[in-house]
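Here are a few notes to go with your first look at this one. Keep the sequence and the 3D view open side by side while you read.

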Amino acid sequence: MNRRALLKGLAVSPFIAYNETGSTKSPFGSMHVAVIGSGAFGCWTALNLVEQGVQVTLIDPWGPGNSRSSSGGESRLIRSVYGANPIYTQWVQRSFELWLKLQKQAGQRIYFPTGLLWMFSGDDELMQESLPVVEKAGYRIDTLPMNHAEKQFPHINFSDVKSVYYEHSAGYLLSRVACQIIEDRVCKLGGRVIREAALPIHQLSGGLDKITLADGASLYADHFVFACGPWLGQLLPDLLQPIIIPTRQDVLFFGLPEHSEYTQSMPSWVNIGDRIFYGMANPENRGFKVADHSAGDVINPTTVDRTVDIASLKRASEFLSHRFPDLDGAPLVESRVCQYENSPDTHLVIDQYPDADNAWVVGGGSGQGFKISPAVGEYVCSRILERVDHEPLFGISRFL
Ligand SMILES: Cc1cc2nc3c(=O)[nH]c(=O)nc-3n(C[C@H](O)[C@H](O)[C@H](O)COP(=O)(O)OP(=O)(O)OC[C@H]3O[C@@H](n4cnc5c(N)ncnc54)[C@H](O)[C@@H]3O)c2cc1C
């Protein structure tokens, strides 16, 4: 059977899902879902579906955590501080469980519990709003008086910092590695992977029966989950071009001192001042990571040249010299240009496509989606299987 016939056949052939021990398992075995994009959102959606016995095809031209994707690179922070609305903290809580479960299943370290130091040079409204929510969820955050902070973190210059907090249950996740692990797991549980691009779609009204791939093949399915991050505006341009805005984000790694005490004593950190810088000491031995959370220029994630910008290097170096004086003059040892996939209000966009009840949009991570991607995948799966209500905060209608 050629590939085109196989793809077409997927829509009609009865599908029986097998768990790892080989027994049949699901009332959803005749449902086929195509997930377009194997970043964090697509991979976790596919994994949740395949675990329910749904037949899943995961489509991505370049693979999970590829260097163009928003889930690429080594590390992503995980923390519970998210402001006054408890939903994100609850999703962090659920995601922690699922990350740790995945780590155990994979037998490979994904989560690094470094703790997270919050430094506010201006007002700390974000923390004040978050504390009741975070404490209710059972997470511990200490307010550090300045003399305690200086004693506990002697390598940090707190001179212009007004308030400091230490979040205990926080750290970073290995992003590219995790996406690859999840895709492998999807395959192990019977899911299929296609390394091909889906072509843009203009007519979705009434629902979809197939999508067309870049090689001309048609892929039929019962549901289509569009989880292609910063490419959502290209794939579904009529609706999403004005809603998902990809912005350039430079990530820099500076050489660490030779003594290991520096790395070992350094928590992950976020510095909120005129700009928001964040980073950690040595994810996957890349060096001292410094990234600027401010949105950069709007870019095309396929064609953008990923050479780091001199102005952002200068800003990061100046910040580094000031805040982490031991690293003054540290050489740049690696750099990367990634992108955020911002929604206008920075909240997630997870919903059915209007007038197409089998097409789903999953994106809008807006620079903070990775950590909660397990809960995102679980929610999308529950929506498709009609087990959970629509969450208005993430609805598309808020933009229409
Ligand atoms: C520098 C940086 C730092 C970040 N820091 C954090 C952090 O500390 N904590 C946190 O929680 N979040 C963080 N984020 C945000 C988080 O990484 C993203 O929100 C999340 O990874 C988005 O995942 P996604 O699956 O939506 O998109 P992506 O990872 O971009 O996945 C989309 C996939 O779609 C594929 N694709 C593209 N076109 C097509 C097509 N036509 N057909 C099929 N597939 C296609 C791509 O190849 C890609 O693999 C950060 C992001 C960046 C860029």
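1. Start with the aromatic cluster: Tyr262, Trp269, Phe277, Phe288, Phe319 and Phe324 come together as one group. Bear in mind throughout that you're looking at a predicted model.

2. How many aromatic pairs are there? The count comes to 21. Take Trp44 and Trp99 as an example: their ring centres are 5.2 Å apart and the planes stand at 90°, which is over the 60 degrees needed, so this pair is edge-to-face. The two partners come from distant parts of the chain, 55 residues apart, with Trp44 in helix 2 (residues 40-51) and Trp99 in helix 3 (residues 86-106).

3. Are these two tryptophans buried or exposed? Trp44 has a relative accessible area of 4%, and since buried means under 20%, Trp44 is buried. Trp99 is buried as well, at 2%.

4. Another pair worth finding is Trp91 with Tyr379, where the centres lie 5.4 Å apart and the planes make an angle of 50°, a tilted arrangement. This pair also links distant parts of the chain: Trp91 sits in helix 3 and Tyr379 in helix 11 (residues 373-384), 288 residues apart. On the burial side, Trp91 has a relative accessible area of 12% and counts as buried, and Tyr379 is buried too, at 7%.

5. Helix 3 has turned up twice now, so give it a closer look. Is its length what you'd expect for 21 residues? At 1.5 Å a residue the helix should span 30 Å, and the C-alpha atoms at its ends are indeed 30 Å apart, so the two agree. Plenty of side chains to click through here: the buried residues of helix 3 include Ile87, Tyr88, Val92, Phe96, Leu98 and Leu102. Thr89, Ser95 and Gln103 are also among the buried ones.

6. Now check both ends of that helix. At the start of helix 3, a side-chain oxygen of Asn85 comes within 3.0 Å of the backbone nitrogen of Ile87. Just after helix 3, you'll find Gly107 with a positive phi of about 65°.

7. Last stop: charges over rings. Arg68 lies over the face of Trp62, 4.3 Å from the ring centre. For a second case, go to Tyr82, where the charged end of Arg79 sits over the ring at 4.5 Å from its centre.

How values were computed
Residues are numbered from 1 along each chain as its sequence is written. This is a predicted model: local features need pLDDT of at least 70, side-chain atom pairs count only at pLDDT 80 or more; totals for chains, interfaces and linings use all residues. Side-chain values use heavy atoms; hydrogens and water are left out. Rings of Phe, Tyr and Trp (its six-membered ring) pair if their centres lie within 6.5 Å; planes under 30 degrees apart count as stacked, over 60 as edge-to-face and the rest as tilted. Helices (H or I, at least four residues) and strands (E, at least two) are DSSP runs, numbered from the N terminus. Buried means under 20% relative accessible area, exposed over 50%, partly exposed in between (1.4 Å probe, protein chains only). A charge sits over a ring if NZ of Lys or CZ of Arg is within 6 Å of the ring centre and within 35 degrees of the ring normal. The expected span of a helix is 1.5 Å times one less than its number of residues. A polar contact is a pair of N or O atoms within 3.5 Å; within protein, one must be able to donate a hydrogen and the other to accept it, and residues adjacent in sequence count only if both atoms are side-chain atoms.
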